[in-house]
Amino acid sequence: MRSILAIASVIIMLLTTAAFAVTTEKAPADPVIIKVPEGTKLKKSLVSFPHAKHAAEACATCHHTMDKNPKAQPCSTKGCHDMGNPVTKEEKLSMTYFRNAYHANVTASCNGCHKARKAEGKPAGPTDCKGCHK
Ligand code: HEC
Ligand code: HEC
Ligand code: HEC
């Protein structure tokens, strides 16, 4: 009985440490070119993203799956924002269409956050096309 309890408490300890594991991952120091879903036909230039200019933001604001998986995932990971060329109206509005992930009016999106901060009169990144699509 005692050893079962001991084993059980070790298992519980391991489970709780795993559940509360804090990410030890570091943000890339240099700007990263954002990946686009494979085979996408692009109208605009690829966008470069500087982590260093976003050090004040929590990783999980953008890498919003980090609460479940401490590893930062690229946005176009399979099953996430991985639709490159939408056809139907529904597909064009879907958050799986990668473009929406970066422009929609939500905090995790580039332009969503920039527009909201600008409206609040706080420091913000670019909101004009050329500020990101250089
Ligand atoms: C704050 C940054 C930001 C701003 C401002 C922005 N975009 Fe984007 N846009 C992105 C990111 C990031 C992507 C996805 C990565 C990529 O396509 O390189 C993207 C993707 C796109 C795409 C889909 C990919 C393609 O090239 O066909 C289009 C179209 C687009 N943007 C148009 C615009 C237009 C038009 C504006 C201005 C009205 C604009 N964007 C402003 C960040 C921005
Ligand atoms: C303001 C948004 C934002 C914040 C905050 C942010 N990141 Fe990122 N991160 C990105 C974007 C966008 C990419 C490029 C994703 C892509 O290519 O799809 C990226 C890419 C990465 C990558 C490379 C992933 C890969 O496999 O290509 C790592 C690692 C990473 N981030 C870690 C972090 C860590 C750690 C933090 C917090 C200290 C952090 N990021 C904060 C937006 C952000
Ligand atoms: C949660 C809010 C937030 C999100 C999401 C976010 N940004 Fe920003 N971004 C900021 C703020 C705030 C600044 C201004 C930082 C400063 O002036 O110190 C900024 C600045 C920038 C700058 C200007 C850097 C410079 O040289 O001054 C660029 C470019 C930029 N962001 C691109 C992006 C792109 C691309 C994405 C999406 C992948 C993104 N940002 C997502 C808040 C955000």
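Which of the 21 residues around ligand 3 come nearest? In this predicted model, they are Lys53, Cys110, Cys113, Pro123 and Gly125. Two elements give two or more residues to the shell around ligand 3, namely helix H2, which spans 59-62, and helix H5, which spans 110-119. The largest share of that shell comes from H5, with four residues. Sorted by class, the shell around ligand 3 holds 13 nonpolar residues, alongside five polar and three charged ones.

From here the reader may turn to helix H5 itself, where Cys110, Asn111 and Cys113 are buried. These three lie on the same side of H5, because the arc that they cover around the axis is only 160°. As for what lies against them, the buried residues of H5 pack against helix H4, at 98-103, and against helix H6, at 129-132. Cys110 and Cys113 thus appear in two roles, being among the residues that come nearest to ligand 3 and also among the buried residues of H5. Beyond the helix, H5 is followed by glycine 121, which has a positive phi, near 75°.

Ligand 2 can be read in a similar way. Of the 20 residues around ligand 2, those that come nearest are Lys35, Cys59, Cys62, Ala72 and Pro74. Here the largest share of the shell, three residues, comes from H2, a helix that also gives two or more residues to the shell around ligand 3. The shell around ligand 2 is made up, by class, of 10 nonpolar, six polar and four charged residues.

Notes: Residues numbered from 1 in each chain as written. Chains lettered and ligands numbered in written order. Predicted model: local features only at pLDDT ≥ 70, side-chain atom pairs only at ≥ 80, totals over all residues. Near = placed C-beta within 6 Å. Nonpolar A, V, L, I, M, F, W, Y, C, P; charged D, E, K, R; others polar. Buried ≥ 20, exposed ≤ 12 C-beta atoms within 10 Å, placed from the backbone. Arc of directions from axis to C-beta. Contact = placed C-beta atoms within 7 Å.
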